[in-house]
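Dear colleague,

I am handing over the structure that follows, together with an account of what was found in it. Please read the notes below with the coordinates open beside them.

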Amino acid sequence: MPSLPPPARRGATLIPETVVARIAVRAAREALTRHAGQPPARLGLGPAHSTATVHEGSARLKVSVDLPYPVDIAHTCGEIRHYIAHRVSDLTGLRIDDLTISVQRLVLGESLRQGRAA
């Protein structure tokens with residue numbers, strides 16, 4: 001049986017940017033579920049959106065999310081950012097060089113919507 005060439009000469013696994021972006025969206029949904037205790041759709045939050053740029057074993061991500069209101073935006077975005085970075089890195093093996101979280105909109109909780117005067 002012939003021996004395999006050294007790992008550096010065997011090639012590399014390339015993960016398309018669209019796949020990395022989809023993994024980031026999934027991780028954002030997981031982070032929001034952990035934060036709120038229920039899936040984002042149940043809270044009336046829209047789906048997260050993401051773009052990714054992959055180059056030589058590292059990724060740069062931009063993720064936009066809806067957040068339930070009221071919320072500590074800075075703290076929540078920090079938690080989401082941390083979760084996404086670790087999750088994407090664990091699943092892809094990529095180093096996350098930059099991760100930007102933006103808030104698309106704040107969504108009133110059901111109890112606040114019911115209490116609003118028309």
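Is E56 buried or exposed? Before the reply, please keep in mind that this is a predicted model. E56 is exposed, because its relative accessible area of 69% is over the 50% cut-off for that class. The residue is placed in the loop between β1 and β2, and its phi is near 50°, a positive value in a residue other than glycine. A second backbone feature is found in the loop between β2 and α3, where P70 has its place: the peptide bond that joins Y69 and P70 is cis, with omega at about 5°. Both features deserve a look, since most residues other than glycine have a negative phi, and most peptide bonds are trans.

The sheet comes next. Its 3 strands follow the order β1-β2-β3 and form an open sheet with mixed pairing. The edges are taken by β1, residues 49-55, and β3, residues 95-108, each of which pairs on one side only. On average, and with direction ignored, neighbouring strands of this sheet are turned by 15° against each other. Strand β2, residues 58-69, runs parallel to β3 and is joined to β3 by 12 bridges; within this pair of strands, L61 stands opposite L99 in β3.

Two helices are to be described against this sheet. Helix α3, residues 73-92, packs on the sheet and touches β2 and β3, and its direction makes about 135° with that of β3. Helix α2, residues 17-36, lies across β1 and β2 and runs at about 135° to β1.

The two helices also meet each other. Two packed helices are described by the angle between their axes and the distance between the axes. For α2 and α3, the axes come within 8 Å and cross at roughly 135°, and the two helices are therefore oblique to each other; their crossing is right-handed. On the α2 side the contact includes V20, I23, A24, A27 and L32, while on the α3 side the residues met include I80, Y83, I84, V88 and L91. Taken together, the residues of the contact of α2 with α3 divide into 12 nonpolar, 3 polar and 4 charged; among the residues listed for the contact are E30 and R34 in α2, and E79 and R87 in α3.

A few single residues may help you find your way around. S58 lies in strand β2 and is buried, because its relative accessible area of 9% is under the 20% cut-off. Residues up to four places away in sequence not being counted, S58 touches T53, L94, R95 and D97. T53, for its part, has its place in strand β1 and is partly exposed, with a relative accessible area of 46%. With the same exclusion of sequence neighbours, T53 touches E17, S58, A59 and R60. The C-alpha atoms of T53 and T18 are separated by 8.8 Å, although the two residues are 35 residues apart along the chain.

Finally, A74 has its place in helix α3 and counts as exposed, at 64% relative accessibility. From C-alpha to C-alpha, A74 and A31 are 15 Å apart in space, and they are 43 residues apart in sequence.

With kind regards

Conventions. Residues are numbered from 1 along each chain as its sequence is written. This is a predicted model: local features need pLDDT of at least 70, side-chain atom pairs count only at pLDDT 80 or more; totals for chains, interfaces and linings use all residues. Side-chain values use heavy atoms; hydrogens and water are left out. Two strands pair if DSSP finds at least two bridges between them. Helices (H or I, at least four residues) and strands (E, at least two) are DSSP runs, numbered from the N terminus. Axes are lines fitted to C-alpha atoms, for helices over the stretch in contact, and angles run from 0 to 180 degrees between N-to-C directions. Contact means heavy atoms within 4.5 Å. Angles under 35 degrees count as roughly parallel, over 145 as roughly antiparallel, 65 to 115 as roughly perpendicular and the rest as oblique. A crossing is left-handed if the near helix is turned anticlockwise from the far one by less than a right angle, and right-handed if clockwise. Ala, Val, Leu, Ile, Met, Phe, Trp, Tyr, Cys and Pro count as nonpolar, Asp, Glu, Lys and Arg as charged, and the others, Gly among them, as polar. Buried means under 20% relative accessible area, exposed over 50%, partly exposed in between (1.4 Å probe, protein chains only).
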